Amino acid sequence: MPRDALLRFVVDPAGALVPDLGETLPGRGLWVSAERAALEKACERGLFARAARRPIAVAPDLIDEVERQLTARALDILGLARRAGALVTGFDKVQRALIERRVAVLVEASDGARHGRARLGALARDIPVIAQFDGAALSRSLGRENVVHAALAPGRLAERFVRESARLACVRGNSGDRDMA
């Protein structure tokens, strides 16, 4: 499988399984598909311990923790993009950026009005549309109120955001082809 479709885990010195979503922690990595079913199977059948060749303590809420961390990583990337000037928010600004083809990723609040989402979605023909986060989460991560529409400019931050959002969609069990809702 491609690396972008996998999650890395390591065993800490105390023998507990730790998600290493940034892929930076020391130790031999245990790689698992980023799909919820694969994670559940690995936890239920003791596959982490078998792969590590030693007993491992697996937290009962490991999958929920992975989902929380992936959500935080994706939203942190949006906040970083805003501070770097690589993100615009608001219907009119996003619409203008889409028309001028300056958008790599369209981000929409999952609880946003369908009409507005459909109008912008029609302009975003060949770009990813990510609607995994509600307006409150987007607003918190961007330090603004009532964020419903955002657009990421092309670049590494957009690529990282798409990667983290795709892994999050798989862990949530709703991986889609164009829209990651």
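Helix α4 crosses helix α5 in a left-handed sense. In this predicted model, α4 covers residues 91-99 and α5 residues 114-123, and their axes lie 9 Å apart at an angle of about 15 degrees. Because angles under 35 degrees count as roughly parallel, α4 is classed as roughly parallel to α5. A second helix pair, α3 with α6, passes in a right-handed crossing.

**Contact of α4 with α5**

- The α4 side of the contact consists of Phe91, Val94, Gln95, Leu98 and Ile99.
- These residues meet Gly116, Arg119, Leu120 and Leu123 of α5.
- By class, the contact of α4 with α5 comprises six nonpolar residues, two polar residues and one charged residue.

**Contact of α3 with α6**

- Helix α3 spans residues 62-84 and helix α6 spans residues 135-142; the two pack with axes 8 Å apart, at an angle of about 50 degrees.
- This angle makes α3 oblique to α6.
- From α3, Leu75, Leu78, Gly79 and Arg82 meet Ala137, Leu138, Ser141 and Leu142 of α6.
- The contact of α3 with α6 is made up of five nonpolar residues, two polar residues and one charged residue.

**Strand β7 and its partners**

- Strand β7 comprises residues 149-152, with His149 and Ala151 pointing one way and Ala150 and Leu152 the other way.
- His149, Ala150, Ala151 and Leu152 are all buried.
- Strand β4, residues 87-89, pairs with β7 in the antiparallel sense over three bridges.
- Within the pairing of β4 with β7, Leu87 stands opposite Leu152.
- Strand β5, residues 105-108, also runs antiparallel to β7 and is joined to this strand by four bridges.
- Ala150 in β7 is the bridge partner of Val107.
- Ala150 and Leu152, which point the same way from β7, are thus placed opposite Val107 and Leu87, respectively.

**The β2-β1-β3 sheet**

- An open sheet is formed by three strands in the order β2-β1-β3, with antiparallel pairing.
- The edge strands are β2 (17-19) and β3 (30-33), each of which pairs on one side only.
- Neighbouring strands of this sheet are turned against each other by 35 degrees on average, direction ignored.
- Strand β1, residues 6-11, pairs with β2 in the antiparallel sense over three bridges.
- Val11 has Leu17 in β2 as its bridge partner.

Notes
Residues numbered from 1 in each chain as written. Predicted model: local features only at pLDDT ≥ 70, side-chain atom pairs only at ≥ 80, totals over all residues. Heavy atoms only, no water. Buried < 20%, exposed > 50% of the residue type's maximum accessible area, 1.4 Å probe, protein only. Pairing = 2+ DSSP bridges. Axes fitted to C-alpha atoms, helices over the stretch in contact; angles between N-to-C directions. Parallel < 35°, antiparallel > 145°, perpendicular 65-115°, else oblique. Left-handed = near helix turned anticlockwise from the far one by under 90°. Contact = heavy atoms within 4.5 Å. Nonpolar A, V, L, I, M, F, W, Y, C, P; charged D, E, K, R; others polar.
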